[in-house]
Each structure stands twice: as C-alpha cells, then as structure tokens.
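Please look over the sequence and the structure first. A student and a tutor then go through them.

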Number of protein chains: 2
Amino acid sequence: MPEVSQRGQAMPVSPFRKLLPFAEAARQQGKIVYPLNIGQPDVLTPPEMLAAVRAADIQVLGYAPGAGTDSYRRKLEAYYQRAGIPARFQDIMVTTAGSEAIHFAMLTCLNPGDEIIIAEPFYGTYTAFAIAAGVRIVPVTARIEDGFALPPLAEFEAVITERTRAVLVCNPSNPTGYVYRRDELEALLSLCQQHDLFLISDEAYREYCYDGAQATSALSLTGGERHVVMVDTISKRYSACGARVGALVTRNADVWQAAFHFGQMRVCPPVLEMLAAEAAADLPASYFDGTRAEYQARRDLTVARLRAMPGVTCPVPGGAFYVVARLPVDDAQQFGQWLLEEFTYHNQTLMLSPANGFYHTPGLGRQEVRLAYVINQTDLAAALTCLENALLVYPGRSEPVPTANVEAVSI
Amino acid sequence: MPEVSQRGQAMPVSPFRKLLPFAEAARQQGKIVYPLNIGQPDVLTPPEMLAAVRAADIQVLGYAPGAGTDSYRRKLEAYYQRAGIPARFQDIMVTTAGSEAIHFAMLTCLNPGDEIIIAEPFYGTYTAFAIAAGVRIVPVTARIEDGFALPPLAEFEAVITERTRAVLVCNPSNPTGYVYRRDELEALLSLCQQHDLFLISDEAYREYCYDGAQATSALSLTGGERHVVMVDTISKRYSACGARVGALVTRNADVWQAAFHFGQMRVCPPVLEMLAAEAAADLPASYFDGTRAEYQARRDLTVARLRAMPGVTCPVPGGAFYVVARLPVDDAQQFGQWLLEEFTYHNQTLMLSPANGFYHTPGLGRQEVRLAYVINQTDLAAALTCLENALLVYPGRSEPVPTANVEAVSI
C-alpha cells in the first residue's frame, strides 16, 4: 500500500487546536467553554466589507490577475502610505491570506535544506510552512523573564551557518505580544546585511499596539530594500479572519517576480473577498481607534487578573491580542486538557493554547500558555475567574521558578 | 545581497499567460483580441451563488473549520452521490480551489525528490506545483496521432523507479480534452496497486463530456480506496473561476489526515466563497445540461473549422473545453506572438496558448497550440476566421508531418 509522505507524517497539529476535541466534548456535556485558544476576535467585521460584496454586479465570477486586482493594489498602496510604510503598487502582491504570503516568502527566499532563524516562542504554524517548504527552522530563545524582548544579537550570530538564508520576525509578536523597537529591527537588518540574509517580517497585528506605541514596519528601515519581505493580512486588522486576503510586499523586484510566479500556480486570490478587502482599505485610520481601545482594555484586564493569581508570571504585552503567561502547573498541556475534561466553575471553563507548540526547542514552554484576549470583557473576566479557581484546585499544581513580573511594553 | 532561491528562479511562467504582455499591447493599439488562451469561460455564473453570499447575515466574518464548513461538506457529499461518486462526508476536505488540492496531494503523497508520472501534454501548472513541492515529474508522452489517448501501460511501467510514488491523471484532460475510458483507468489503478503508487485524479471538468459520454471518477474504481486521491474544483463546473473553492477527496484516511494537517497551516478556505459553493452544490444535475450543450456546440464549431484549415491536425476532444491542434507553423510560440504583434484581420486577432508549455519533454509540441473554446459562438467563429487567415499569410508557415485527423472521443 502507498504510504503518506514523511513530511505529511511530520506535519504538526496546530498548537491552538490541540485541545479542540476536548472542548467539543465539554460543550456537548453542556459546559460553557470560553475560547481563549485562537486569535478569532468577536469584534464586528466592518459592515462596509460585506456591503461591498453585496453591491457588486457580477455576471461571471472570473479569475482576477495573479497579483490581485489593480484597484485593490492601488488602495492597499494608499493604506500603506497612510500608515507611513513606503510600499508602492509594484511592490504589492495580493495573496490568499497571510498564510500564503508566508508560504511564498519561504519558497522564494529559501531552498530546501536552507535555514531560517526565528525567535521563539513563535506562531506555531511557521513550523508547518517550514515543513511544506523543506526549510529548517533554527530557534533563538526569547525569555519570559525579559518580557520576550529580542534576544541578544550575539545569539542570532551564533547560529548563523552557510545554510542560513533568512531571519523571520513577527511584529507585534504572536504569541507574546512583544512590539519590536526600531533599534532592535535596525540591528536585525544590519545583521541580515552583513550575512546576506532576507528579513521576513510578519506584520499582521500592526494596528494593535497599546499605550500609544506604534509598530515599526521593517519596510521602513533604511537600506532594507533588497532584504525585507513583509507579509501581511487583513484577518486581524479588520476582524475578518474568514476573508482569505493577505499580501506579500517587497521592494526587491526579483523576490516579487519569483513570488508572482509561485502565485501563478494558484491563478489568483479569492475574488469576492478581495472586494471586501478593497472596501476595508478605504476605511480611515481612525477606524482602528475604537478597536484598539477595546483590545487595550482587554489586555489590561487580562494582565491585571493574571498577575493577581499566585504563582503566575505575566509580562505586559505591548501589542497584538495575546499574552504568554507562566502558570504554576506541572504541564500546561495537561492542565489545558484537565480544564476541559475535569474542571468547571459554575458550569464554565476555558480553552487555552499550551505554549509548548510555540517553542521549537523541545521541553521549553512546558508551564506556559498563550491566552488570546479576543472575547468581550464580561466573558473574558469570567474566563479568568475560571482560570484563577482552576489553579487553586488543579492536582498538578507546582510552583514555577519565582520571577518578578516584568514589562514588555516597547517605547 | 541575498538571492532568490533556485526554486524561485526555476518557476515557469504559466503557459497560458506567456503571450499576455503582447495581447495587452495589441489591445492598447485598439485591436480586438479574442482570448482563447485561458480556461476562463464567458458562461454566466449561476445567480444562486452570488445570491447566497448577499443573503448571508454575517456579523463577524470568522474562520471556518480547516476542512471546510460541515454544511458545505454535507452538500458536496450529496452532489458526489448524485454524480455516482462514492465520496462520503469524512472523505472530503474543502480546499482553496483545485490548486491547493493539487498542492496538498503532492505534499501528502510524495517526499522531496520523489517522482510522479504524468501523461503529457498536461496542465502546465502541475510543473509549478512540482517545483514548489520538490517533486520530479516524469512524463509519458500521449500523441496527437492517437487523439491523445492514454499511452500504452508499458510506457508507464518503463519509467517507474524506486522513487516513483504517484501517477497523476487529469480526466477529462486539460489541455487535450481526452476523456479516459473506465478500462484505461482500471489499468492505471492496477499498475498503481502493483507498484504501491498513489493515483491522483484531477476531475475539474467532470460535467463537460460530449456526445453522451460520461467521465469516470477514479474514486469509483473498485479497489482504489487506499490509492486514489481525487482533486476537484468548482471553478469550471459553475463558471466561477474567481471563487477559490475546491476539494481533496480520498477514502484513504491517512492521506486525508495528513492533507488536513497541511490545511491547518492556512487555517481555512475562503468563507464567503464557500457560501457561494454551497449554493452551487444545491443546483440539480440538470443545471449542467444547458452549459454542456453550449460547450458541445462550441467544440463542434472549433473542430470543424480547424479541420477545414489546410495542414491543421485536430483530434475531436471528448470533454473539457480545450482542443490541442497541430498547426502548419515553424514554432507555435512565435506564431502566437506574431498573431498579436503583426497580424490583424479586420482589426481582430486571437490569443492562444503555445502547447510547448504543456509538454515536459523539451522540444515537443512546438507546432501545437491549445485553444480554449470559452467564448460565445459568434466571437469564436470570428477568432477562428482570424486563425484561418493568419495561417495563410504567416511567414513561418511550414507543412507539418502529414497526419490523418483522428477521433479522441471516448465511448
């Protein structure tokens, strides 16, 4: 009998979906399960997006150009200009969500067997893209004690080999919420320049920085023209995760052209959803103010509640809508399963993401979890009350390494 | 400076897009250019599809399940049952168009460096997917003199090595329109069974078989449960190329599970377009009758006109909406460019696809073109008149190997 490929067998289960079967079972038992496991916000999608699709007069739903419609690319250019990002029409390739942009960036910048350096913990799905692209991830570990700041550059330099082709950053970071300072990004770019590496920058959460901070796009770094490949998506920006529209943006025309050729294999991005994306690109910058304020309030609530729980370590994330916390438990994955199988508090419980799925180095993150503060504050507070009570009675409770709570906010 | 990966540099330009810049230049000069180069039909998309999207009451456009919504998978199951294809709910994984299904099938069934056998000429984009997946395509040549029928099984056997992992067929075939007979498919499956190979079957054009013929799904072959991976799309079925919704369907649960894990990396297919696809799946089988009759009339027109042109060889395609013809020209790609740059007939010309992009073996198909009969009969007739007149005056006219016109229709 033919067998599934080794890479097929190696594909990991999404770290934020590992506990899904247990959550489904819990719900079938009538429990309320608060979903803090996945970055699926409850924020309303701007009605303009769906209105644009409704209003479209389409007789034949035909292919679009491989790099996206000209009209959408023009509007994206204007959006980037408003955001202070020097991305021109010809630098923008529309993709099927940020996922495809990451995939194309890896295929375009790295050959099979090449290495890409990523600070861990990182978005677990990068591992899946690396397997699909035959690329080896080399982690550099960011530490919760440092608020998940960029590890010292020497640690990046130490792992560069002749197979290293790229450094990948997610800024603001999923899962840590860390927002890279401009000087950190400049240092990374300088490293890339010295070693002929690409700097792939995942900026999905650009708009969601708190306390007045602003994310720095890698595209805005001086001298990054040949090195920087930015990947982007509308999923989080407009709470439109189901509209699979993203972008790969680079001023390196060779990279753009190669990515475009990869893009030809899937002909074009989803056409109806590009219409929705185009309407979103027309929204003024002020659109984000309300959503940002809401996320900041949720972050403040989450961090305050976590820090009040004995034994919990929790940096203050400066952006995105996640926090990675260390819990006083033997094993966060077992704890997560126990929350769904064994625990209830007034018939409620929560689903979280064990952080081991966000670390590449085996054994790291065993006591850490990622919480996505994507539900309304009432439910969020209820979920955190569940967590607080669960930690008091969890049979596998164990004191973690004591650590002062630290700030991860960027200036 | 960092350089684009070798695979990025190796990515081919889509064979049906090679002449696009020349077509654009011709249109800017005011010429009418009939697009016979790409399978983008002018048939109206069923209004039910767009109505379903308009009617959807969506507050938060969130992620869908990775394998597609349950409701769409149930409707697809019913559609397959109506089509006599034994595909169950749990066999169906919804993908982002047929493209992604092909990509996942390759990633799941083959390791880097493994070989996949495909009868050429084949859908040129398979080459791009193979490069992306690090897979080596091994061609077996179908001949225009045989109406592009399945080459003798001995020719497949002759190229099987220890790295061979799969055979890929497109049925009905893009670009030849050949419809594989059940006994041909059974012979292929038997070969796959003997050598532990997967049989990947691209059935995008299932509904469009002519003269009363019906396509045989590889999924319906006895004993194919572990071997067959079917890839599908709604693009051609409902003239909805811009809705990027397809499916990977297999009764091999291991393959399904691995494909599902690859699917987790892109989280889910486009949600709005799955709504459109769901409405399409509700259309009765009779929906296809009108479209099929229209395509058959176009095929008849195309074949009759081509055969009336001196020196042209043209099999009768039994399905899909393409024909591969051999023209009395020195080089079909140069001819195609000349059509756009140098030629007009009453200010009209046509764009075709040089067939060399559909052959894997260098040098083959030099005198052949693929024509897509996707435009209305009036325009199609005008395009063929252009072609007829162009062949009379093309300076690179050369008599091809004389061949009797043959039938490619399956019984």
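The exchange below takes up the interface, the aromatic pairs and the salt bridges.

Student: What kind of model is this, and which pLDDT do side-chain atom pairs need to count?

Tutor: Residues are numbered from 1 along each chain as its sequence is written, chains are lettered from A and ligands numbered from 1 in the order in which they are written, and side-chain values use heavy atoms, with hydrogens and water left out. This is a predicted model in which totals for chains, interfaces and linings use all residues, local features need pLDDT of at least 70, and side-chain atom pairs count only at pLDDT 80 or more.

Student: How many residues of chain A are in contact with chain B?

Tutor: Contact means heavy atoms within 4.5 Å. By that rule chain B contributes 78 residues, and the number for chain A is 78.

Student: What area do chain A and chain B bury between them?

Tutor: Buried area is the accessible area (1.4 Å probe) that two parts lose on being put together, summed over both. Of the area between chain A and chain B, 58% is on carbon and sulfur atoms. The total is about 6400 Å².

Student: How many salt bridges are counted between chain A and chain B?

Tutor: A salt bridge needs a side-chain nitrogen of Lys or Arg within 4 Å of a carboxyl oxygen of Asp or Glu. A search of the whole structure finds 45 salt bridges over all chains. Between chain A and chain B the count is zero.

Student: How is the aromatic pair of A:Tyr295 and A:Phe321 classed?

Tutor: Rings of Phe, Tyr and Trp (its six-membered ring) pair if their centres lie within 6.5 Å; planes under 30 degrees apart count as stacked, over 60 as edge-to-face and the rest as tilted. The centres of A:Tyr295 and A:Phe321 are 4.8 Å apart, with 40 degrees between the planes. The class is therefore tilted.

Student: Is A:Tyr295 buried or exposed?

Tutor: Buried means under 20% relative accessible area, exposed over 50%, and partly exposed in between (1.4 Å probe, protein chains only). Its ring partner A:Phe321 is buried, with a relative accessible area of 0%. A:Tyr295 has 0% relative accessibility, so this residue counts as buried.

Student: How is the pair of B:Tyr178 and B:Tyr180 classed?

Tutor: B:Tyr178 is buried at 3% relative accessibility, and B:Tyr180 is buried at 7%. Their ring centres are 5.2 Å apart and the planes make 80 degrees. The class is edge-to-face.

Student: In which helix do A:Asp289 and A:Arg292 both lie?

Tutor: Their side chains meet in a salt bridge of 3.1 Å, N to O. A:Asp289 is partly exposed at 43%, and A:Arg292 is partly exposed at 24%. Helices (H or I, at least four residues) and strands (E, at least two) are DSSP runs, numbered from the N terminus. The two residues are three apart, about one turn of the helix, and that helix is α11 of chain A.

Student: How many residues apart are B:Lys75 and B:Asp282?

Tutor: The side chains of B:Lys75 and B:Asp282 meet in a salt bridge of 3.0 Å, N to O. B:Lys75 lies in helix α4 (residues 70-82) of chain B, and B:Asp282 in the loop between α10 (271-281) and α11 (287-307) of that chain. B:Lys75 is partly exposed at 27%, as is B:Asp282 at 46%. The separation along the chain is 207 residues.
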